[in-house]
2 protein chains.
Amino acid sequence: MDKTKELDIVRISSETIDTKKDLVIREIPFSILVNGKEIVTLLCSPDKLNYLAVGFLLSEGLIKSASIIKSITIGKDGNYADVELDENLQIPQGFFQKRIISSGCGRGAYFYNPDDIKDCNPVASDIRLSYNLIFDLMKEFQEKSDLFKKTGGIHSSALCNQNKIEIFAEDIGRHNTVDKIFGECLLNHVSTENKIILTSGRISSEILVKIIKRKIPVIISRAAPTDLAVGLAEKMGVTVIGFVRGKRMNIYTQKFRIVEVEHYGKKDF
Amino acid sequence: MDKTKELDIVRISSETIDTKKDLVIREIPFSILVNGKEIVTLLCSPDKLNYLAVGFLLSEGLIKSASIIKSITIGKDGNYADVELDENLQIPQGFFQKRIISSGCGRGAYFYNPDDIKDCNPVASDIRLSYNLIFDLMKEFQEKSDLFKKTGGIHSSALCNQNKIEIFAEDIGRHNTVDKIFGECLLNHVSTENKIILTSGRISSEILVKIIKRKIPVIISRAAPTDLAVGLAEKMGVTVIGFVRGKRMNIYTQKFRIVEVEHYGKKDF
């Protein structure tokens, strides 16, 4: 389905006033059902909906492996996905209580529920990154973000190894971008361990909880982290890098994974 | 409470590597209680918490006027607000079902619930705006957004009349910025009719639903709207203006409120 829609707009500039066609980002309500029962409705961009549904259930902790998924049915208008799970799966009581849920822009509810990360260990990964790798990945990431360039209205995230971007996702919702990636990983058997997440948006505590659950040791953004995310990352062994722009960046936590800093750090850190 | 926190970071630039203090935006979990019962926990920036609590309840439809609020108690660490409402208020069944709620970044659940705007009429307002007013308001708005300049990690919104900004709010959550404004309006008896909302973030359907409920006829952003927001605005009589940058802007809906376009439009629109 198209992620953009052409609309008639009036464009004003200092010298002209024109009626013209312009691309606007699409936003659709998308319901996720499990075994025919609706559990949540998200607003999202209409692509990779199978990955979004599975990634959401993974981030929510309902599924842990692809083996319990029997089928995924997507409504023809993209308005729902029904994920059929093995009927022997123990579904936690209350999961089917239809929820107005979320985890976006300060309206989520993950981190401060200790249950969310109580089973998580700090992320132990020997991965090391050089400045140049970070700058190169961010350059590739920005070149891929063509929908943003067209419409100015979308977030993107990418899963990278130490060479290049492996999986890329765009969505109007910051959280949906990472859930799409994790859903794609689960369905296509791509490991997330020792990988890197790049994201266009702010690094908040909720995004960080998702990263920790997938054992991802590094998150990198052009934007800022919050103090809650930084504190959680320090505790849980995740390297947080923000404000990567041109040849500049800020390293907030777990600096040892950045080789030049580690090296330099033998004297001064 | 401070909206920022000073942390030690490593800053890399093309020629230097420094350990230095830097300001990071704070993010706190904030629970809203009604008559002692918790109904939701948000992640937010720790200021104007009384307004956020009241604005949230207003946007959710639980309260319609300040007269039913008997008291607001804020936890000393800002971790909760308990809003005491008149005990004669009929509270809808299910409201006290503790929810993981949201309405941010594509994870909300307002628009596609027809109940949300079923009692709303299209916004009827005779307000007219000139280009220069829009450019001037946006300039004032950006000058006010100093927290963004310091930390790069926050959204802001403002309620304006046809001369200037009346109320300004910042938060890590786009939705919280408008709820803070509407809570302040309710508690301080400021009307929202015939006013303008400026916002730093994307104009999504969920933000638009909040605007319609407050009978606000114009929303203006530096960023993009979604197609769902544009469609809803056209139907509900709201003027949507995006990409206001320097002396440029895009007008998406209800163009008649922009005086130069209205004038010009007598021939060509």
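# A guided tour, starting at helix H6 of chain B

Select residues 227-236 of chain B: this is helix H6, and it is mostly covered, with seven of its 10 residues buried. Keep in mind on this tour that the model is predicted. To see the covered part, colour Asp227(B), Leu228(B), Ala229(B), Val230(B), Gly231(B), Leu232(B) and Ala233(B), which are the buried residues of H6(B).

What do the buried residues of H6(B) pack against? Show helix H5 (205-213) and strand S11 (239-245) of chain B, then add S1 and S2 of chain A; the buried residues of H6(B) pack against these four elements. Now step just past the helix to Gly237(B), which follows H6(B) and has a positive phi, near 75°.

**Into the core**

Next, pick Leu208(B). Leaving out residues up to four places away in sequence, Leu208(B) touches Ile203(B), Ala229(B), Leu232(B), Ala233(B) and Val238(B). Among these, you have already coloured Ala229(B), Leu232(B) and Ala233(B) as buried residues of H6(B). Highlight Leu208(A) as well: in the largest nonpolar core, which has 145 residues, Leu208(A) and Leu208(B) touch the most other members.

**Over to chain A**

Select residues 227-236 of chain A to find helix H6 of that chain, also mostly covered, with seven of its 10 residues buried. The residues to colour here are Asp227(A), Leu228(A), Ala229(A), Val230(A), Gly231(A), Leu232(A) and Ala233(A). They pack against helix H5 (205-213) and strand S11 (239-245) of chain A, and also against strand S1 (4-12) and strand S2 (17-25) of chain B. Just after H6(A), look for Gly237(A), where phi is positive at about 75°.

**A sheet with strands from both chains**

Show the strands now. Eight of them form an open sheet with mixed pairing, and you can follow it in the order S2(A)-S1(A)-S12(B)-S11(B)-S10(B)-S9(B)-S7(B)-S8(B). Which strands are at the edges? They are strand S2 (17-25) of chain A and strand S8 (165-171) of chain B, each pairing on one side only. On average, neighbouring strands of this sheet are turned by 25° against each other, ignoring direction.

Zoom in on strand S1 (residues 4-12) of chain A, which is joined to S2(A) by nine bridges, the two running antiparallel. For one pair to click on, take Ile12(A) and its bridge partner in S2(A), Ile17(A).

**The two domains of chain A**

Step back and show chain A by itself. You can count seven helices and 12 strands in it, and 49% of its 269 residues count as buried. Give one colour to domain 1 (30-109) and another to domain 2 (131-268). Where they meet, 17 residues of domain 1 are in contact with 20 residues of domain 2. On the domain 1 side, strand S4 (37-44) and helix H1 (49-59) of chain A each supply at least two residues. H1(A) gives the most, with eight residues. This side of domain 1 is made up of 10 nonpolar residues, six polar and one charged.

**Last stop: Asn79(B)**

Finish in the loop between strand S5 (69-74) and strand S6 (80-85) of chain B, where you will find Asn79(B). Why does Asn79(B) count as partly exposed? Because Asn79(B) has 15 C-beta neighbours inside 10 Å, while a buried residue needs 20 or more and an exposed one has 12 or fewer. Setting aside its neighbours within four places in sequence, Asn79(B) is in contact with Ile28(B), Pro29(B), Phe30(B) and Ser31(B). For a final distance, select the C-alpha atoms of Asn79(B) and Lys20(B): they are separated by 30 Å, and the residues are 59 apart along the chain.

Note on methods. Residues are numbered from 1 along each chain as its sequence is written. Chains are lettered from A and ligands numbered from 1 in the order in which they are written. This is a predicted model: local features need pLDDT of at least 70, side-chain atom pairs count only at pLDDT 80 or more; totals for chains, interfaces and linings use all residues. Two strands pair if DSSP finds at least two bridges between them. Axes are lines fitted to C-alpha atoms, for helices over the stretch in contact, and angles run from 0 to 180 degrees between N-to-C directions. Two residues are in contact if their C-beta atoms, placed from the backbone, lie within 7 Å. Domain bounds come from an automatic or database domain assignment. Ala, Val, Leu, Ile, Met, Phe, Trp, Tyr, Cys and Pro count as nonpolar, Asp, Glu, Lys and Arg as charged, and the others, Gly among them, as polar. A nonpolar core is a set of buried Ala, Val, Leu, Ile, Met, Phe, Trp, Tyr and Cys residues joined through C-beta atoms within 7 Å.
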